[in-house]
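Here are a few exercises to work through with the model open beside you. Try each task before you read the solution.

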Amino acid sequence: MQVADLLKKDVMLLNLKATSKEAAIDEMIANLYKYRIISEQESFKKAILAREEQSSTGLGDGIAMPHAKMASVKEPTVLFAKSKAGIDYDSLDGQPAHLFFMIAVPEGGNDTHLQTIAALSRLLMEPDFVNKLKDASTPDEVEALFIESTKEEEAQEKTNEAAKSTTAATDEKPFVVAVTACPTGIAHTYMAEDALKKKAKEMNVDIKVETNGSDGTKNRLTSEEIKRASGVIVAASKKVEMARFDGKHVVERPVVDGIKKAEELITKASNQDAPIYRDSGERSEGDGEYEKQSTWGKIYKDLMNGISHMLPFVIGGGILLAISFLFENVLGDESQFFLFFNGVGGMAFNFLIPILAGYIAMSIGDRPALMPGMVAGLMAVDSNAGFIGGLVGGFAAGYIVVLIKHLLRNMPQSLASIKPILLYPVIGLLVTGAAMYFAIGPVFSTLNNYILDFLTGLGTGNIVLLGILLGGMMAIDMGGPFNKAAYAFSIGIFTDTGDGAFMAAVMVGGMVPPLAIALATTFFKNKFTEDERKSGTANYIMGLSFVTEGAIPFAAADPLRVITSSVIGAAIAGGLTQLFHSTIPAPHGGIFVVPLGDAPIFFLLSLIIGAVISGLILGLWKKPVSQ
């Protein structure tokens, strides 16, 4: 099968009408549906957008390659499209995309299809070929270009092989090995392979590249090759087999660096200018960018994986629950509106701890740990171990699966296929379930009850101090570890008790920084540049919507003044919400959910006081722009 066989002429769009990324995706998907390449548009679009969230498929140099592999795809197809004006596609180089290749692969697509797509990816690394594509005006011209280039590439490969066989015995070159892999294993994997090979040839370096694509592992590195290599390049955006590189200098980068920074990676690997990889997870001292992550850094990454997957359930379920309370107050607790919103929101909330635990476990032990982790979270709920019990259960499940993998690593190869489908899920669930049932559940149930009793027994003064602490933490790093710790604590209390008092403290603490910046840029215009004043206006909306991150650009430019003033105002506002007994019955929503809580007027008063204090401190502290 040739590349031209997948590039069907009648499906091409040589004049895209779209002017935005999503509109371009919609237009291409509609054409695939029109010509019956896919049987359903919505699910295919979700798969395309899910891939875009992992990293943009706008590769740079005016090329974008959105792709998905789904059962709704009837036959493998590459839709070619062109935009004369160019479209902002969040490309890696920040430039508009003009050439689009939307790749649709059936679930279980055979190797031939995937190898053909790999060949397409390699062709797009040729600047001359890309320029000819930009000039092509008809589907026939596009098809002819691919047919001609494929023939030229095959002839060049034969020439290279012949030259290689005649010079191998006499030409001593540095030798490196590499592994390339992207989340879907369709395009970036092979583009990185091709970029590394071409650059190595220019640098007179021998290289062997293993690809971990959707069609499996190709050109697998042998132990002899790894041993002989000066260094190893791992250009991957998903986990690859690393134990075999123990003791070698390893350069670890995202797959896009294999495409865009091939020379840098090859130089580091051939000069052994990278940390030595240790299978235990430890690395020697070195100058490489990917030094061993600290223990706390690893824990934080795993925790954030759980929290990020949990947040949609928190926000969606929490806001629907808050709306249900509004209907309850107006129409009563027998109202269908109340029952509907409360039921749907409550269902989403029931997933919070299982999702948190499951994705923490998955971050540690990969996919085999997801199911044991989710069950650990559910057992934490049932045993009243609460948010903390689920969190600990997620970590336990992840490390239990890692241990199981280690213990089963020497099983005969003939039995290897039963590990992911039988041994990991059964043993993982059994051991995790036992840990939750006999240890984690009972211990953290007791601890959870103690914490709740302690918080209930706090006097007004101590509650205010806790509100000050939570509000201040929300503003320290504006979305970082302190912010997330305060937010997670408040969600845990809210989940276990339904009391939104601490949610009020963290929400007001997160709203103050952007609002303070908006006020400062409005009333102290001479202290900010024109661009800062324009950005400051947008912070009114972000602040009222509880989007703390709007303050980050200002904090990055002037951390001492912005962070200090924000923490002071946020801490004061957080303490005032507890003094006024304000509550927020939803974990997100900002100004839009304030009326649904207790003492909403006093919450707004707390917010105004905190934002004004922070804004004044910042405005008076900063120097005029001219200075």
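**Exercise 1: a salt bridge**

Lys 45 pairs with Glu 22 in a salt bridge, and their closest N and O atoms sit 2.8 Å apart. Work out which helices this pair links in this predicted model.

*Solution.* Start with the distance: 2.8 Å falls within the 4 Å cut-off for a salt bridge. Next, place the partners: Lys 45 is in helix α3 (residues 41–54), while Glu 22 is in helix α2 (residues 21–34). The two are 23 residues apart, so the pair links distant parts of the chain. Counted by the same rule, the total is 21 salt bridges.

**Exercise 2: two helices crossing**

Describe how α13 and α14 cross, and say which residue classes make the contact.

*Solution.* First, the geometry: the axes of α13 (residues 352–365) and α14 (residues 370–382) come within 7 Å and cross at roughly 145°. The crossing is right-handed. Then list who touches: α13 brings residues including Ile 353, Tyr 359 and Met 362, and α14 brings, among them, Leu 370, Met 374 and Val 381. Sorted by class, the contact has 12 nonpolar, 3 polar and no charged residues.

**Exercise 3: a surface patch**

Find which helix gives the largest share of the nonpolar patch.

*Solution.* Begin with the members: Leu 326, Val 330, Leu 331 and Phe 337 make a nonpolar surface patch of about 400 Å². Helix α11 (residues 295–331) supplies the largest share, 3 residues. Leu 331 lies in that helix, α11.

Notes:
Residues are numbered from 1 along each chain as its sequence is written. This is a predicted model: local features need pLDDT of at least 70, side-chain atom pairs count only at pLDDT 80 or more; totals for chains, interfaces and linings use all residues. Side-chain values use heavy atoms; hydrogens and water are left out. Axes are lines fitted to C-alpha atoms, for helices over the stretch in contact, and angles run from 0 to 180 degrees between N-to-C directions. Helices (H or I, at least four residues) and strands (E, at least two) are DSSP runs, numbered from the N terminus. A crossing is left-handed if the near helix is turned anticlockwise from the far one by less than a right angle, and right-handed if clockwise. Contact means heavy atoms within 4.5 Å. Ala, Val, Leu, Ile, Met, Phe, Trp, Tyr, Cys and Pro count as nonpolar, Asp, Glu, Lys and Arg as charged, and the others, Gly among them, as polar. Patches are made of residues with over 30% relative accessible area and no salt bridge: like charges are joined within 9 Å, nonpolar side chains (Val, Leu, Ile, Met, Phe, Trp, Tyr) within 5 Å. Accessible areas come from the Shrake-Rupley method with a 1.4 Å probe; for residues, only the protein chains shown count as cover. A salt bridge is a side-chain nitrogen of Lys or Arg within 4 Å of a carboxyl oxygen of Asp or Glu.
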